[in-house]
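Let's take a walk through this protein together, from its overall build down to a few single residues. Have the structure open as you read.

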Amino acid sequence: MTTAFARNQWYVAAYSQEVGEDLMARTICGEPIVFYRTGDGQAVGLADRCVHRRYPLSLSHRDGDRIVCGYHGFTYEPTGACVYVPGQTRVPRTARVPSYPIVEQDSLVWIWIGDAAKADATRIPRVPYLAAEGWTTVRGMEPLAARYSLLVDNLLDLSHETYLHGGYIGTPEVAETPITTEVDEEAGIVRVSRRMKDAECPPFYAKSTGITGRIDRWQDIEYYPPCLYTLHSRIAPTGVEPGPDGDDSRAAHAEIVYAITPETESSTHDFWMVARDFAVDDEEVSRFLAESNRTVVLQDVVALNALEKVIATEPDGYQELSINIDTGGLAARRILKRLAEAS
Ligand code: FES
Ligand SMILES: [Fe+2]
């Protein structure tokens with residue numbers, strides 16, 4: 001099982017709204033990082049370890065855009081350069097902490113952990129609906145005490161909705177309906193689709209859309225390894241098809257987005273978002289979806305934390321058994337392995 005992570009990749013470090021005036025500590029791919037926003041609105045990520053005696057900069061304080069180490073006062077610019085040390089005028093040339101490339105778009109703060117010379121912002125996948133007119137998004141982040149590859153497996157095989165999330169998003173049809181899987185090896189994207197006709201409407205969608213009765217339910221997954229997972233969910237009263245011109249305004253759409261960011265080799269930041277194009281001003285629907293989705297995510301967290309413990313105690317060379325539903329997950333593992341080996 002893949003555990004190593006690809007360093008030369010973009011990862012979601014935070015939601016834009018989380019990064020502000022206060023210094024925020026978060027470990028990404030094993031690197032402790034301090035995040036904050038400068039006076040002109042730029043998000044900054046610096047190694048969270050003073051070069052002097054390792055004091056966490058996140059426990060220190062700001063002086064304007066600079067961070068003053070809370071132990072002996074080494075003072076750092078947003079570039080990571082140290083501009084002041086106590087008791088002498090000469091600042092040693094090596095007094096600098098790494099500053100990580102950061103790109104903020106679609107309400108997400110992306111960070112590049114690896115070789116900064118290779119950071120190409122155009123390779124970051126886009127999710128414009130998270131911050132677009134006509135859409136409303138609810139979101140959260142749950143800490144997961146399990147390796148990120150377990151969350152990738154989990155999200156690429158939604159048949160588990162029937163068993164783990166019954167009463168929320170699972171109905172019998174999810175597990176019963178076969179999937180189609182497509183792998184774009186060149187672009188490194190995995191697509192898994194499940195199209196359900198005349199299916200039961202789970203409470204998650206019945207209560208939020210107001211659709212009563214049977215539905216046609218589409219689940220179209222696109223996974224952009226390593227970090228970004230999108231699930232395009234279409235819900236319509238059964239028989240309501242998109243028009244030949246592509247008009248699908250009689251259906252409700254939810255974009256379920258996850259950012260899967262390794263914290264350490266055995267823990268993960270599980271960022272979850274639900275964007276919708278229906279009932280966009282209805283705060284009760286927002287509250288309901290936020291609460292329900294968090295409950296669903298926590299059901300996964302409990303299950304994956306249990307799997308991590310099983311893996312920790314199993315003998316070397318233990319073999320899982322895979323079936324058709326695992327095709328997408330296995331393709332994702334292949335791509336993740338390739339990315340990890342390349343960085
Ligand atoms: S540890 Fe930061 S100044 Fe000493
Ligand atoms: Fe789940």
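## Before we start

Two residues are in contact here if their C-beta atoms, placed from the backbone, lie within 7 Å. Please keep in mind that this is a predicted model.

With that cut-off we can meet Ala 14, a residue of strand E1. Leaving aside its neighbours within four places in sequence, Ala 14 is in contact with Val 19, Arg 26, Phe 35 and Val 109. Ala 14 counts as buried because it has 25 C-beta neighbours inside 10 Å, where 20 or more are needed. Another partner to look up is Thr 137: Ala 14 and Thr 137 are 123 residues apart in sequence, and their C-alpha atoms are 15 Å apart in space.

## The overall build

Stepping back, the secondary structure of the protein comes to 6 helices and 17 strands. The protein is as compact as a globular protein of its length, because its radius of gyration of 22 Å is close to the 20 Å that the globule rule gives for 343 residues. Along its principal axes, the C-alpha trace spans about 75 × 50 × 35 Å.

Buried residues make up 37% of the 343 residues in the protein. Among contacts with a separation of 6 or more, 58% are between residues 24 or more positions apart.

## Two domains and where they meet

The protein is divided into domain 1, residues 10-123, and domain 2, residues 128-342. Taken over C-alpha atoms, the centres of domain 1 and domain 2 are separated by 32 Å. Their contact takes 12 residues from domain 1 and 11 residues from domain 2. On the domain 1 side, strand E1 (10-15) and strand E2 (24-28) each supply at least two residues. Which strand gives the largest share of that side? The answer is E1, with 5 residues. By class, the side of domain 1 that touches domain 2 has 8 nonpolar, 3 polar and 1 charged residues.

A record adds a label to this region: the UniProt annotation "domain: Rieske", from an unreviewed entry, covers residues 10-111. In the model, the end C-alpha atoms of residues 10-111 lie 6 Å apart, and the span is 0% helix and 41% strand.

## The nonpolar core

In soluble globular proteins, nonpolar side chains tend to be buried together. Here, the largest nonpolar core has 82 residues, of which Tyr 11, Val 109, Trp 110 and Ile 111 touch the most other members. Strand E16 (residues 252-264) gives the most to this core, with 7 residues. The core draws at least three residues from each of domain 1 (10-123) and domain 2 (128-342).

Val 109 is worth a closer look. Not counting residues up to four places away in sequence, Val 109 touches Val 12, Ala 13, Ala 14, Tyr 15, Ser 16, Val 19, Ala 43, Ile 102 and Glu 104.

## Two helices

Is helix H1 (residues 148-156) mostly covered or exposed? Helix H1 is mostly covered, with 9 of its 9 residues buried. Among the buried residues of H1 are Leu 150, Leu 151, Leu 155 and Leu 156, and also Asp 153 and Asn 154.

For helix H5, consider Val 302, which has its place there. Val 302 counts as exposed because it has 11 C-beta neighbours inside 10 Å, where 12 or fewer make a residue exposed. Val 302 and Ala 145 are 157 residues apart in sequence and 9.0 Å apart in space, C-alpha to C-alpha.

## Backbone details in the loops

Three loops deserve a visit. In the loop between strand E14 (215-224) and strand E15 (228-237) you will find Pro 226. The peptide bond from Pro 225 to Pro 226 is cis, with omega near 5°.

The other two loops hold residues other than glycine with a positive phi. Ser 107 has phi near 75° and is found in the loop between strand E9 (102-105) and strand E10 (108-112). Ala 279 has phi near 45°, and its loop runs between strand E17 (267-276) and helix H5 (283-313). Ser 107 counts as partly exposed, with 17 C-beta neighbours inside 10 Å. Ala 279 is partly exposed too, with 17 other C-beta atoms within 10 Å.

Conventions
Residues numbered from 1 in each chain as written. Chains lettered and ligands numbered in written order. Predicted model: local features only at pLDDT ≥ 70, side-chain atom pairs only at ≥ 80, totals over all residues. Core = buried A, V, L, I, M, F, W, Y, C linked by C-beta atoms within 7 Å. Helix = DSSP H or I, 4+ residues; strand = E, 2+ residues; numbered from the N terminus. Domains from an automatic or database assignment. Rg over C-alpha atoms; globule rule 2.2 N^0.38 Å. UniProt positions renumbered as here; feature names shortened; annotations may be inferred. Nonpolar A, V, L, I, M, F, W, Y, C, P; charged D, E, K, R; others polar.
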